[in-house]
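Here is my note for a colleague who has not yet looked at this entry. The points are numbered so that they can be taken up one by one.

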Amino acid sequence: MALLSCRVWARPALRYSVLLLALVLACPSLGSPSPPPAPDGDRWSLVPTRVKELVEPLVTRTKDGWQWFWRPGTLQGFVQTYYEDHLQDMGPRARAWLVSSRDSLLHRTRSLCPRLLCGTPG
């Protein structure tokens, strides 16, 4: 039973300490000053420079390799070819598909309709 009473007492104290910690972190002027930057001789300070040295040539080579694709002539040629192959006759193809779908649906509907209601198929 003593444990329960201790827990009830600890909850408000925990809440206040969390609130105090949040206030200290939210107001940097009240907290301690930030630590000084790492010295130049530190090995971890060299990591961003080394990563940049490794990644920059790779990015440059990739960018140079894709330059042919981003030229206006290449991209325009691709779009023109795609239009001619796939989109130029889209209107007539869509109309033909709609007509055939409508005819197919009407045929199925008539085949399901009893002869007395719909008459004889003609």
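1. Which residue forms a salt bridge with Asp89? The partner is Arg93, and the closest N and O atoms of the pair are 3.3 Å apart. Arg93 counts as partly exposed because its relative accessibility is 40%. Asp89, at 36%, also falls in the partly exposed class. Please keep in mind throughout that this is a predicted model.

2. On overall make-up, the protein has six helices and zero strands. Along the sequence the pattern reads α-α-α-α-α-α. Of the 122 residues, 0% count as buried; the cut-off for that class is under 20% relative accessible area. The exposed surface comes to about 11,900 Å², with carbon and sulfur atoms supplying 67% of it.

3. Confidence should be read before any detail. The mean pLDDT of the protein is 75, and 61% of its residues reach 70 or more. Helix α1 (residues 2-26) is where confidence is lowest, with a mean of 59. Confidence is highest in helix α5 (residues 90-112), at 91.

4. Helix α2 spans residues 47-65, which makes 19 residues. From its first C-alpha to its last, α2 reaches 27 Å, close to the 27 Å expected at 1.5 Å a residue. There is nevertheless a bend of about 25 degrees in α2 at Val55. A proline, Pro57, follows Val55 within four residues.

5. Helix α2 also carries a salt bridge, in which the side chains of Glu53 and Arg50 meet at 3.3 Å, N to O. Why are Glu53 and Arg50 separated by about one helical turn? The two are three residues apart in helix α2, so about one turn lies between them. Glu53 has a relative accessibility of 46% and therefore counts as partly exposed. Arg50 is partly exposed as well, with a relative accessible area of 48%.

6. In total the structure holds three salt bridges. Besides the pairs in points 1 and 5, Arg102 forms a salt bridge with Asp103, and the closest N and O atoms there are 3.4 Å apart. Arg102 is partly exposed, with a relative accessible area of 48%, and Asp103 is partly exposed at 38%. As general background, side chains of opposite charge can pair when their charged atoms come close.

7. A nonpolar patch lies on the surface. Its members are Trp66, Trp70, Leu75, Phe78, Val79, Tyr82, Tyr83, Leu87 and Met90, and together they have about 930 Å² of accessible area. Which helix gives the most to the nonpolar patch? That is helix α4 (residues 72-87), with six residues.

8. One patch member can be taken separately. Trp70 lies in helix α3, which covers residues 67-70. Is Trp70 buried or exposed? Its relative accessibility is 57%, so Trp70 counts as exposed, the cut-off for that class being over 50%.

Notes:
Residues numbered from 1 in each chain as written. Predicted model: local features only at pLDDT ≥ 70, side-chain atom pairs only at ≥ 80, totals over all residues. Heavy atoms only, no water. Buried < 20%, exposed > 50% of the residue type's maximum accessible area, 1.4 Å probe, protein only. Areas by Shrake-Rupley, 256 points an atom, 1.4 Å probe, with all protein chains shown as cover. Patch = residues over 30% accessible without salt bridge, like charges linked within 9 Å, V, L, I, M, F, W, Y side chains within 5 Å. Salt bridge = Lys/Arg side-chain N within 4 Å of Asp/Glu carboxyl O. Expected span 1.5 Å × (residues − 1). Bend = angle between axes of the 7 residues up to and from the residue. pLDDT = per-residue confidence, 0-100.
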